[in-house]
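Trainee: Hi, do you have time to go through a structure with me? I'd like to talk about how the side chains meet.
Mentor: Sure, put it up and ask away.
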Amino acid sequence: MNKQAMLNYIFDYADSLMNASGYTILPYYDLDNSTMNRIQSYFSSDINSDNIVALISTSVFDPGKTGIVFTNYAVYTRDWGILPETDINFLYEYDTASFTSSNDFQIGVLTYIMERLFEISINDTAKEIAKDFKDIAQSFKNWLDS
């Protein structure tokens, strides 16, 4: 996946996305182990650090308790509140994404970002498939030539 292209898009739209004035954007390369542990504790234990593109944290003290986690396949959201819920929406579901609470972000902007991230992931997948087909064709040609 082209995490850097996704990350650039997230940075470009963060100010339009966020309602909360106090937020921090942590790109995948700045996530330390303690933040990663909080992401897995508060958002989902299924999140693998290799898949994270960025965290937009709205947590006051420790990043990774509330906010938005962008992965190369989904977006996880978690707001402040007495009983906050975590929502997961896969990138391909950008047009039907649903959120139980959206105090911290603009839903329309987030779905727009999700659509663009999905397009980036599709382009990368198409490039990988094309490369695989080229490798197969080259192997087949080598086999025929021998």
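Mentor: One term before we start: a residue counts as buried under 20% relative accessible area, as exposed over 50%, and as partly exposed in between. Keep in mind as well that this is a predicted model.
Trainee: Okay, let's try that on Tyr94. Which class does Tyr94 fall in, and why?
Mentor: Tyr94 is partly exposed, because its relative accessibility is 22%.
Trainee: And how many aromatic pairs are there in the whole structure?
Mentor: A search of the whole structure gives eight aromatic pairs. One of them joins Tyr28 and Tyr29: the ring centres are 5.1 Å apart and the planes meet at 80°, so this pair is edge-to-face.
Trainee: What about Tyr94 and Phe118, how are those rings arranged?
Mentor: Tyr94 and Phe118 make a tilted pair, with 6.0 Å from centre to centre and 40° between the planes. The two residues are 24 apart and the pair links distant parts of the chain, since Tyr94 lies in the loop between β5 (86-90) and α3 (107-145) while Phe118 belongs to helix α3. Phe118 is partly exposed, because its relative accessible area is 23%.
Trainee: Which residues do ring pairs link into a cluster?
Mentor: That cluster is made of Tyr9, Tyr13 and Tyr112.
Trainee: Back to Tyr28. Which charged end sits over its ring?
Mentor: The charged end of Lys3 does, 4.4 Å from the centre of the Tyr28 ring. Tyr28 itself counts as partly exposed, because its relative accessibility is 27%.
Trainee: Nice. Switching to charges, how many salt bridges does the structure hold?
Mentor: The structure holds two salt bridges. In one, Arg116 pairs with Glu115, where the closest N and O atoms are 3.3 Å apart. In the other, the side chain of Arg116 meets that of Glu119 at 3.4 Å, N to O.
Trainee: How far apart along the helix are Arg116 and Glu119?
Mentor: About one helical turn, because Arg116 and Glu119 are three residues apart in helix α3. Through shared partners, the salt bridges join Glu115, Arg116 and Glu119 into one network. Glu119 is partly exposed, because its relative accessibility is 36%, and Glu115 is partly exposed too, because its value is 23%.
Trainee: New topic: helix α2. Which of its residues are buried?
Mentor: In α2, residues 33-42, the buried ones are Thr35, Met36, Arg38 and Ile39. Looking down the helix axis, the buried residues fall within an arc of 160°, so they line one face of α2.
Trainee: What covers them, and what's on the face turned away?
Mentor: The cover includes β1 (24-27), β2 (52-57) and β3 (67-71). The face turned away from the buried side carries the exposed residues Asn33 and Ser41.
Trainee: Last one, the nonpolar core. How many residues has the largest?
Mentor: The largest nonpolar core has 23 residues, and those with the most contacts inside it are Ile10, Leu17, Ile56, Ile68, Phe70, Leu110 and Leu117. At least two core residues come from each of α1 (3-17), β2, β3 and α3, and α1 gives the most, with six.
Trainee: What does Ile10 touch?
Mentor: Leaving out residues up to four places away in sequence, Ile10 touches Val53, Ala54, Ile56, Phe70, Ile113 and Leu117. There is also a second, separate core of eleven residues, including Met36, Ile39, Ile52 and Leu55.
Trainee: Great, thanks!

Key:
Residues are numbered from 1 along each chain as its sequence is written. This is a predicted model: local features need pLDDT of at least 70, side-chain atom pairs count only at pLDDT 80 or more; totals for chains, interfaces and linings use all residues. Side-chain values use heavy atoms; hydrogens and water are left out. Rings of Phe, Tyr and Trp (its six-membered ring) pair if their centres lie within 6.5 Å; planes under 30 degrees apart count as stacked, over 60 as edge-to-face and the rest as tilted. Buried means under 20% relative accessible area, exposed over 50%, partly exposed in between (1.4 Å probe, protein chains only). Helices (H or I, at least four residues) and strands (E, at least two) are DSSP runs, numbered from the N terminus. A charge sits over a ring if NZ of Lys or CZ of Arg is within 6 Å of the ring centre and within 35 degrees of the ring normal. The arc is that of the directions from the helix axis to the C-beta atoms. Contact means heavy atoms within 4.5 Å. A salt bridge is a side-chain nitrogen of Lys or Arg within 4 Å of a carboxyl oxygen of Asp or Glu. A nonpolar core is a set of buried Ala, Val, Leu, Ile, Met, Phe, Trp, Tyr and Cys residues joined through side-chain atoms within 4.5 Å.
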